Amino acid sequence: MCGIVGYLGKKSATDILIEGLSKLEYRGYDSAGVAVIVDGSVVVEKYKGRLANLEEKIDSNKLVGNVGIGHTRWATHGVPSDLNSHPHTNENQTIAVVHNGIIENYMVLKEWLQSEGYKFKSETDTEVIPHLIDYYYEGDLLDAFMKAVKKMEGSYALGVVCKEEPNKIVAVRKDSPLIVGVGEGESFIASDIPAVLNHTRNVYLLEDNEFVLMEDGNVKIFDFNKNEVKKEIYHVTWNADAAEKGGYDHFMLKEIHEQPKAIKDTLTSRVVKGQKINLDSIKITKEQIAEIDKIYIVACGTAYHAGVVGKYAIEKLAKIPVEIEVASEFRYREPLINERTLMIVISQSGETADTLAALRLAKSENARVIAITNVVGSSVAREADDVLYTWAGPEIAVASTKAYVTQLIAMYIIALYFAENKESIRSTEIDKIKSELLNLSEKAAEVLNQKEKVKAFAKKIYMDKDMYFLGRGLDYAVAMEGSLKLKEISYIHSEAYAAGELKHGPIALIEDDTTVIALATQEYLFEKMLSNIKEVITRGAKVIAVAMEGHDVIEKSVDDAIYIPRVMPIVAPILSVIPLQLLSYYISIEKGCDVDKPRNLAKSVTVE
Ligand code: F6R
């Protein structure tokens with residue numbers, strides 16, 4: 001996720017671009033840059049770090065012009081650096097491009113362009129775009145741009161300026177957001193409405209595959225076949241604060257709703273129907289995988305809960321023993337590590353102090369370390385031997401949601417990769433799981449459609465002092481995550497228990513009206529879970545169940561139930577966690593808590 005802006009009018013493009021980028025920094029802040037047409041040339045300024053760094057270094061006296069594009073980056077391909085920052089240009093800097101998204105076939109395009117003599121400077125996927133436009137350019141920017149876009153696979157919102165046609169900006173979107181702002185004799189492009197709100201409230205909301213041509217204050221929109229499209233202007237009535245959150249009341253709710261896309265992005269190019277898992281960023285060989293005799297998964301908080309699912313997936317699919325541990329404990333005992341140990345660390349931020357210390361401990365004992373992280377170039381990414389990035393985009397709310405589901409996806413991908421290399425399960429089974437993964441994004445969207453039902457549950461139980469989350473197998477792993485979400489944003493005391501463990505003590509806590517959230521998505525454990533539900537109901541508990549479609553028999557036993565679409569039990573956590581995230585969110589709202597910034601917590605814990 002990155003932010004892009006563009007301006008064409010009569011005012012100072014640099015000032016308007018910087019102001020627009022400041023409204024998009026929530027979309028990424030690894031680097032920032034602008035390209036402005038100055039006296040008929042394309043002038044680029046771009047630096048690693050936050051926008052403030054660009055503002056400090058930029059010489060706005062030099063960047064005098066009325067046409068330009070800008071970018072704030074959330075790194076995916078290539079570490080944060082000046083060179084990898086956008087805008088990217090062709091070799092003689094006549095064309096500059098800003099991009100939000102991922103060009104999936106960039107390697108193929110890059111090799112082809114290199115064979116045509118094009119030279120590349122950065123590690124990014126984006127750099128193929130200015131070269132492609134250059135390749136097709138024959139005096140008409142829009143034509144060349146359309147030809148270039150037709151070569152690309154993946155997701156993109158793009159803005160382009162060109163020295164030869166200095167009064168134009170061309171743009172397009174596919175699977176990445178882009179709007180066009182229409183002012184008096186001026187026009188804008190932006191990833192999101194807040195970036196233009198100080199200048200205009202009239203915007204076009206682009207659909208996928210719509211091209212934009214801005215020229216001398218006029219805006220034209222074309223379809224993929226260059227037919228002009230007449231669109232209605234949308235008049236924005238909300239304020240900038242709501243717009244930054246995409247119209248949602250809080251970042252957490254926005255991020256919960258971004259999960260279908262985050263799931264899809266994290267699977268992109270790694271899990272492809274009919275192909276082997278593609279992990280070109282992980283260099284571990286078949287022979288090295290065969291040598292592993294133990295895996296440690298080490299992480300904190302929500303990332304630890306993703307690891308619990310990971311243990312289950314790796315042991316079931318790859319048949320390698322896995323130990324899972326919280327990093328703050330792991331680092332201070334004397335774990336048995338050697339060169340046949342593999343450590344997997346999971347960290348959204350990539351900067352958690354305990355996780356980083358555990359990684360260093362493993363490295364000092366010659367173990368290989370794979371990092372799963374959401375932040376390109378973060379400390380764990382730099383220090384691990386291999387990295388698998390979760391492509392969730394920046395997570396702003398303190399309570400982790402979309403990072404968690406992408407961490408689960410990363411764990412499944414690694415488990416399948418090991419299974420394929422070790423041939424530890426039948427290839428038909430592997431194919432079945434791959435298809436399940438590829439359908440998850442749509443199914444997650446179906447779960448989100450039930451949010452009104454979850455909201456109604458929240459209204460009934462938000463005054464409770466205690467709640468219990470029960471589950472068996474993978475449902476227990478999800479119960480832990482549900483309980484953590486509830487604690488951190490609603491301040492209600494809650495505990496997660498393995499349902500079979502209840503009788504060994506915790507059942508003494510259940511009394512009249514105690515709320516129990518019972519997860520019952522694991523088909524092979526369903527009957528056992530029903531018995532555990534009956535045990536708590538007999539003691540007076542009111543029970544809300546999360547079950548799989550087709551198991552509505554559960555309604556005979558519980559007070560309320562919510563259903564997730566049918567999936568193989570192994571991938572069910574991705575769907576069953578969503579109602580729990582929503583439940584915590586709505587309870588927190590009912591209680592009037594600060595959802596995005598809960599008390600006593602920080603997004604990244606860089607101290608012990
Ligand atoms: C909970 C939450 C925390 C983090 C934990 C690890 O919603 O966000 O429990 O999961 O602090 O953080 P990372 O993943 O950045 O290492």
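Me: In this predicted model, is Pro 260 buried or exposed?
Reply: Pro 260 lies in helix H8, which covers residues 259-267. Its relative accessible area is 11%. Buried means under 20%, so Pro 260 counts as buried.

Me: How far apart in space are Pro 260 and Lys 273, C-alpha to C-alpha?
Reply: In sequence, Pro 260 and Lys 273 are 13 residues apart. Pro 260 itself belongs to helix H8. From C-alpha to C-alpha, the separation of Pro 260 and Lys 273 in space is 18 Å.

Me: Which residues gather with Asp 512 in a patch of negative charge on the surface?
Reply: Asp 512 sits in the loop between strand E21 (493-498) and strand E22 (515-520). Its relative accessible area is 67%, so Asp 512 is exposed. The residues that gather with Asp 512 in the patch are Asp 466, Glu 511, Asp 513 and Asp 559.

Me: Is Lys 226 buried, partly exposed or exposed?
Reply: Lys 226 is found in the loop between strand E13 (218-222) and strand E14 (234-235). Its phi is near 65°, a positive value in a residue other than glycine. Most residues other than glycine have a negative phi. With a relative accessibility of 34%, Lys 226 counts as partly exposed.

Me: What is the relative accessibility of Asn 600?
Reply: Asn 600 is found in the segment after helix H19 (572-591). Although Asn 600 is not a glycine, its phi is positive, at about 65°. Asn 600 counts as exposed, and its relative accessibility is 78%.

Me: Which peptide bond is cis, with omega near 0°?
Reply: Most peptide bonds are trans. Pro 87 is found in the loop between strand E4 (67-73) and strand E5 (88-89). The cis bond leading to Pro 87 is the one from His 86.

Me: How far apart are the end C-alpha atoms of residues 2-217?
Reply: An unreviewed UniProt entry lists residues 2-217 as "domain: Glutamine amidotransferase type-2". The span is 21% helix and 34% strand. Its end C-alpha atoms lie apart by 26 Å.

Me: Where does UniProt place the feature "domain: SIS"?
Reply: The record, an unreviewed entry, gives this feature two spans. In one of them, 47% is helix and 20% is strand, with end C-alpha atoms 16 Å apart. In the other, 39% is helix and 21% is strand, and the end C-alpha atoms lie 22 Å apart. In that order, UniProt places "domain: SIS" at residues 285-424 and 457-598.

Methods
Residues numbered from 1 in each chain as written. Predicted model: local features only at pLDDT ≥ 70, side-chain atom pairs only at ≥ 80, totals over all residues. Heavy atoms only, no water. Patch = residues over 30% accessible without salt bridge, like charges linked within 9 Å, V, L, I, M, F, W, Y side chains within 5 Å. Areas by Shrake-Rupley, 256 points an atom, 1.4 Å probe, with all protein chains shown as cover. Salt bridge = Lys/Arg side-chain N within 4 Å of Asp/Glu carboxyl O. Lys, Arg positive; Asp, Glu negative; His and termini not counted. Charge placed at Lys NZ, Arg CZ, Asp CG, Glu CD. Helix = DSSP H or I, 4+ residues; strand = E, 2+ residues; numbered from the N terminus. Buried < 20%, exposed > 50% of the residue type's maximum accessible area, 1.4 Å probe, protein only. UniProt positions renumbered as here; feature names shortened; annotations may be inferred.
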